[in-house]
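Me: Please take a close look at the charged pairs of this chain, and set them within the rest of the fold. I would like one connected account, with the terms explained as they come up.
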Amino acid sequence: FESVAAVARRYDIAVTTPDDPNTGEFTGRISTLRPDFVFSFYYRRMLKPALLAAGARGALDMHGSLLPNYRGRAPVNWAVINGEHETGATLHHMAEKPDAGDIVDQQAVPILADDTALEVFGKVTVAAEITLNRSLPRLIDGTAPRIRQDLSLGSYFPGRKPEDGRVDWSRPAQAIHNLVRGVAPPYPGAFTSLGGKAARIL
């Protein structure tokens, strides 16, 4: 993504980048601004209820999957690794539990057999733009839907570490293919050992 801070500065919009957005001081500063909405797009930290409550008309997140599936971290990578044929972007209200709030809108995208996670992420980025463009007018005029998630029908996945790219050669060929494309660069990549040395599989 292009730098949000750089874009904001071009339009003389104030920028702040706190180490911890959940401190009382920062939450108080945001509350003083009395924003209609709080948005979080691919932000690495969970926002706590006090900050979520600062948005008078809601606090919303854009998540890179079709919720309630693939809640949690690295949803695009996991979808590719698990051999899914479809994923997408979901705009939803934030709750204290990650990716569990009411859904406003979604846009699906296909995952082709040889797509890497980066290629799918590009599609999801376009899906996020479509979703936001479609939803903002309805959020502003108060007609946007709120669809409650049934988390029992979905799935949750944790973050991934470079070590998770190790190939288990006892797995089926398709599973190995999915792992390789799901962690391909710019992610750390799949790897194995050859003659006692690590070898990356790109």
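What is the relative accessible area of Asp 164, and does that make Asp 164 buried, exposed or partly exposed?

Reply: Asp 164 has a relative accessible area of 27% and is partly exposed, a class that lies between buried (under 20%) and exposed (over 50%), as judged with a 1.4 Å probe and protein chains only. This is a predicted model, in which local features need pLDDT of at least 70 and side-chain atom pairs count only at pLDDT 80 or more, whereas totals for chains, interfaces and linings use all residues. Residues are numbered from 1 along each chain as its sequence is written, and side-chain values use heavy atoms, with hydrogens and water left out.

The partner of Asp 164 is Lys 161, and the closest N and O atoms of this salt bridge are 3.9 Å apart; the term requires a side-chain nitrogen of Lys or Arg within 4 Å of a carboxyl oxygen of Asp or Glu. Lys 161, at 53% relative accessibility, counts as exposed. Elsewhere, Asp 105, Arg 134 and Arg 138 are joined into one network by salt bridges that share partners, and the structure holds six salt bridges.

Within that network, Asp 105 and Arg 134 form a salt bridge whose closest N and O atoms are 2.7 Å apart. Asp 105 belongs to strand S5 and Arg 134 to helix H5, so this pair ties together parts that are 29 residues apart in sequence; helices (H or I, at least four residues) and strands (E, at least two) are DSSP runs, numbered from the N terminus. Asp 105 counts as buried at 12% relative accessibility, while Arg 134, with a relative accessible area of 33%, is partly exposed.

A further salt bridge links Asp 102 to Arg 146, with the closest N and O atoms 3.2 Å apart. Asp 102 sits in the loop between S4 and S5, and Arg 146 in the loop between H5 and strand S6 (156-157), so the pair ties together parts that are 44 residues apart in sequence. Asp 102 is buried, its relative accessible area being 14%, whereas Arg 146 is exposed at 52%.

The loop that holds Asp 102 also contains Asp 99, between strand S4 (86-93) and strand S5 (103-110). Phi of Asp 99 is near 55°, a positive value in a residue other than glycine, and Asp 99 is buried, with a relative accessible area of 11%. Most residues other than glycine have a negative phi, and most peptide bonds are trans. Tyr 70 also departs from the first of these habits, with a positive phi of about 60°; Tyr 70 lies in the loop between S2 and S3 and is buried at 8% relative accessibility. That loop, between strand S2 (59-63) and strand S3 (71-72), holds Pro 68 as well, and the peptide bond from Leu 67 to Pro 68 is cis, with omega near 15°.

Helix H5 has a nonpolar side to its story too. Phe 39, Phe 41, Tyr 42, Leu 136 and Ile 140 make a nonpolar surface patch of about 420 Å², and strand S1 (38-41) and helix H5 (117-141) are the elements that give two or more residues to this patch. Patches consist of residues with over 30% relative accessible area and no salt bridge, like charges being joined within 9 Å and nonpolar side chains (Val, Leu, Ile, Met, Phe, Trp, Tyr) within 5 Å.

H5 is also part of the cover of H6: the buried residues of H6 are covered by elements including helix H4 (75-81), H5, S7 and strand S8 (197-201). H6 is mostly covered, with seven of its ten residues buried, among them Asn 178 and Arg 181. From H4, Asn 77 touches Ala 117, Arg 160, Gly 182 and Tyr 187, residues up to four places away in sequence not being counted; such a contact means heavy atoms within 4.5 Å. Asn 77 is buried, with a relative accessible area of 8%.

For the chain as a whole, there are six helices and eight strands, and buried residues make up 41% of the 202 residues. The mean positions of the 23 positive and 22 negative charges are 3 Å apart, where Lys and Arg count as positive and Asp and Glu as negative, His and the chain ends being left uncounted, and each charge is placed at NZ of Lys, CZ of Arg, CG of Asp or CD of Glu. The chain exposes about 11900 Å², of which carbon and sulfur atoms supply 56%, with accessible areas taken from the Shrake-Rupley method with a 1.4 Å probe and, for residues, only the protein chains shown counting as cover.
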